[in-house]
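Visitor: I'd like to go through the charged pairs and the enclosed spaces in this one. Can you walk me through it?

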Amino acid sequence: MRLLSFALFFSVAATVTGLMHRYVWVRLVRDANLPPPWPRVLAIALTVMAVAMPLSMLLMRVLPPQVHRVLAWPVFTWMGAMFMMTMLLLGSDVLRVLLERLMRAADVGPNLDAERRVFLQRAFASAATVGVTGAAAISMRHALGGAHVKDVEVTLQRLPPSLDGLKLVQMTDVHVGPTIGREYIERLVQQANELNPDVVAITGDLVDGSVEQLRHAVEPLKDLVARRGVYFVTGNHEYYSGADEWLHELERLRIHVLRNERVSIGDDVSSFDLAGINDYSAGQFGTAPDLARALSGRDDKRELVLLAHQPRAMTDALRHNVGLMLSGHTHGGQIWPWNHMVRLQTPYVHGLYREGQTQVYVSPGTGYWGPPMRLGTTSEISKVILRAARA
């Protein structure tokens, strides 16, 4: 089943990638009527990159990390630039069609001969290439600059007054792998510890690779310091990377993994429940999320904070009267305008939302996936400050 799912995913990814590259060649090369040998040269170059993108995903699981890292940087960078170019071209085509319809309706229009049309197409191709190159450079600078700290205050109705001001530091979607390594993790650990947290929560998608490949890179996580503990729940990428092995490794690093279970945060006088569930996609691996199991036997009068990688867990959170859910997964869209596409899956893309008595904070992620780029979004460490409701 897992092999079939991966084969289907790989086939779809390869098809979409091929169509994107074909579309870019048509719009920037063929329509610009470039002189020989450029159409052939660029067709070969785009074909090579179209094959390299999905193939790199496959090779990532078998090549030594040092080898794949050399391949990953150009391939993933191209992936981001190709997405930006495709979005730009689609937008320009939509605008062109609308303008042509308006001009036909008004019975007006430019009278361009073939030579002028070619000139305009080449000018557009040049401008699009320069624009996307600039946007890619800026977005790489944003992504590689590291995570910033964002303060988020959340008032909870059932939180004991003595716990007012409790600091819960969330990290999520770091995606340690080909382009994010040990130095990035060391910096995150330093930033988190400087916040003097009560609780550290890592809400999934920590890694993209096996324990054998990435053990050295994630090792600095053992230095995380939080007065009331460091906790972890799985994301979908843990299951692509060997979840069982990773959970054992994280426990070795003194990180408490919550697998459809809960713990008490506080002391005998005042406390609240912190629950964590497996990722939404874990069912196909035999470990489906089970919030009912995690909350079995709890006192409903106690405050409840839930760690769940995907914000789609909000449906269960509402059913079980969760006070606050912390999630990630969406990356805030990572590269604009993907954030608008994310809304097709969930209305909770980035930020704090409220539904009835339940709130969810969706982090845009502490790293990035795939392209080392962020356009219109930033990587963040979320410093969630819990506030007790005033009478």
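Visitor: Is Arg227 buried or exposed?
Guide: This is a predicted model, so keep that in mind throughout. Exposed means over 50% relative accessible area. Arg227 has 52% relative accessibility, so the label for Arg227 is exposed.

Visitor: Which residue does Arg227 form a salt bridge with?
Guide: Arg227 sits in the loop between helix H6 (211–218) and strand S4 (230–232), and its partner is in the loop between helix H5 (182–194) and strand S3 (199–202), 29 residues apart. The closest N and O atoms are 2.7 Å apart. That partner is buried, with a relative accessible area of 9%. It's Asp198.

Visitor: How many salt bridges does the count come to?
Guide: The rule asks for a side-chain nitrogen of Lys or Arg within 4 Å of a carboxyl oxygen of Asp or Glu. By that rule, the count is 19.

Visitor: What parts does the salt bridge of Asp93 and Arg27 tie together?
Guide: For this pair, the closest N and O atoms are 2.9 Å apart. Asp93 is buried, and Arg27 is buried too. The two are 66 residues apart in sequence, so the pair ties together helix H3 (residues 65–105) and helix H1 (residues 2–30).

Visitor: Which residues do salt bridges that share partners join into one network?
Guide: Asp93 and Arg27 form a salt bridge, and both belong to this network. The full set is Arg27, Arg30, Asp31, Asp93 and Arg96.

Visitor: Which strands does the pair of Arg387 and Glu153 link?
Guide: Their side chains meet in a salt bridge at 3.5 Å, N to O. Arg387 is partly exposed, at 27% relative accessible area. The residues are 234 apart along the chain, and the strands are S12 (residues 380–388) and S1 (residues 148–156).

Visitor: On to the cavities. Which element gives the largest share of the lining of the largest cavity?
Guide: The largest cavity has a volume of about 90 Å³. Of its 10 lining residues, the closest to the centre are Pro65, His68, Gly177, Pro178 and Leu214. H3 and H6 each give two or more residues to the lining. The largest share, three residues, comes from H3.

Visitor: How many nonpolar residues does the lining of the second largest cavity have?
Guide: That cavity holds about 30 Å³ of space. Its lining is Met171, Val174, Ile185, Leu188, Ile202, Leu206 and Leu221. No polar and no charged residues are in the lining, and the nonpolar count is seven.

Notes:
Residues numbered from 1 in each chain as written. Predicted model: local features only at pLDDT ≥ 70, side-chain atom pairs only at ≥ 80, totals over all residues. Heavy atoms only, no water. Helix = DSSP H or I, 4+ residues; strand = E, 2+ residues; numbered from the N terminus. Buried < 20%, exposed > 50% of the residue type's maximum accessible area, 1.4 Å probe, protein only. 1 Å grid on protein atoms, 1.4 Å probe; cavity = no way out; pocket = protein on both sides within 12 Å on 5 of 7 lines; lining within 4 Å. Points joined across faces, edges and corners; volume = space filled by probe spheres on them. Nonpolar A, V, L, I, M, F, W, Y, C, P; charged D, E, K, R; others polar.
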